[in-house]
Amino acid sequence: MELRSQILSRYVLPLREGGSHPALAEADDGFRYVVKMRGAGHGAKALVAELIGGMVAKALKFKVPELVLLQLSPLFGITEPDVEIQELLRGSEGLNLGLHFLDHAMTFDPAVNKVDALTASKIVWLDAFLTNVDRTRLNPNMMIWKGELWLIDHGASLYFHHSWRNVEAAHLDPFPYVRNHIFLPYASELEAADKLMRQAITPRTLEAIVRLIPACWLDEPESGLTAEERREVYRRFLTGRLANSHLFVEQAIKERNNLLGNG
């Protein structure tokens with residue numbers, strides 16, 4: 001398991017949706033990427049969440065745009081006239097994360113695009129596993145590309161790492177925020193999804209994903225932990241979450257029953 005690494009070569013335009021202020025840019029391989037900047041919002045933590053979330057989704061056989069490590073030089077985007085964007089670019093020099101741009105993709109619309117109950121249940125499971133608070137009707141973070149469903153933007157996952165408190169118990173979070181999930185009303189196969197997801201991913205795969213995190217994204221002296229100690233926290237969180245998936249599955253079933261008036 002590995003990530004490609006490319007150098008950003010051309011700034012195309014800012015993408016002003018959401019709070020992370022990504023950019024559309026071209027790299028030296030000739031492809032365009034949606035670039036998540038380490039200088040934005042939650043900084044490198046959002047990149048860690050994006051990397052882990054995207055790679056876990058990929059390991060579970062969901063369609064996810066390719067994730068690529070992207071190097072941003074001091075000269076990148078230097079002609080951009082917007083002062084705020086210039087500050088963002090200069091604060092993001094070094095290693096960032098890109099998602100392969102899905103040209104002509106359409107935003108998922110639940111009124112038009114339908115999914116079956118098992119697929120809906122698997123996606124609810126994924127987001128409860130990752131503690132991803134950002135797949136709602138207001139912001140589905142899914143695209144339809146070439147007639148298929150693609151999952152994007154996992155930067156709001158792993159919300160425990162923003163406070164970095166009580167990390168030893170974070171994997172036991174039942175994740176009540178699942179009540180806001182766009183697919184919860186349709187997720188009638190959560191127990192079946194739990195069985196399938198637990199068969200599809202292993203602690204060894206999760207450990208391999210955590211090893212992909214660049215050390216420079218884990219360097220946060222104020223946390224009191226070294227980069228490798230922080231990496232170990234992520235490993236324990238993910239493997240512990242998998243071992244205790246019944247906690248968030250039971251919570252999701254409870255929230256769905258409440259939503260449908262079956263509680």
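**Close-ups of a predicted model**

**View A. What lines the largest cavity?** Asn132, Val133, Asp134, Arg135, Thr136, Phe175, Tyr177, Val178, Asn180 and His181 do the job, each with an atom within 4 Å of a cavity point. By cavity we mean a set of points on a 1 Å grid, over the protein atoms alone, where a 1.4 Å probe fits but cannot get out. The volume comes to about 30 Å³, counted as the space filled by probe spheres set on the points, which are joined across faces, edges and corners. A search of the whole structure turns up 1 cavity of 30 Å³ or more. This is a predicted model, so local features need pLDDT of at least 70 and side-chain atom pairs pLDDT 80 or more, while totals for chains, interfaces and linings use all residues. Numbering starts from 1 along each chain as its sequence is written, and side-chain values use heavy atoms, leaving out hydrogens and water.

**View B. Strand 4 and its partners.** Strand 4 (a DSSP E run of at least two residues, numbered from the N terminus) spans residues 67-72, and 5 of its 6 residues are buried, meaning under 20% relative accessible area with a 1.4 Å probe, protein chains only. Strand 1 (residues 4-14) runs parallel to strand 4 through 4 bridges, with Arg4 opposite Val68. Strand 5 (residues 94-100) runs antiparallel to strand 4, joined by 6 bridges; here Leu70 faces Asn96.

**View C. Trp217 and its contacts.** Leaving aside residues up to four places away in sequence, Trp217 touches Arg38, Ala44, Leu47, Val48, Leu51, Leu69, Leu95, Asn96 and Leu97, a contact being heavy atoms within 4.5 Å.

Definitions and conventions. 1 Å grid on protein atoms, 1.4 Å probe; cavity = no way out; pocket = protein on both sides within 12 Å on 5 of 7 lines; lining within 4 Å. Buried < 20%, exposed > 50% of the residue type's maximum accessible area, 1.4 Å probe, protein only. Helix = DSSP H or I, 4+ residues; strand = E, 2+ residues; numbered from the N terminus. Pairing = 2+ DSSP bridges.
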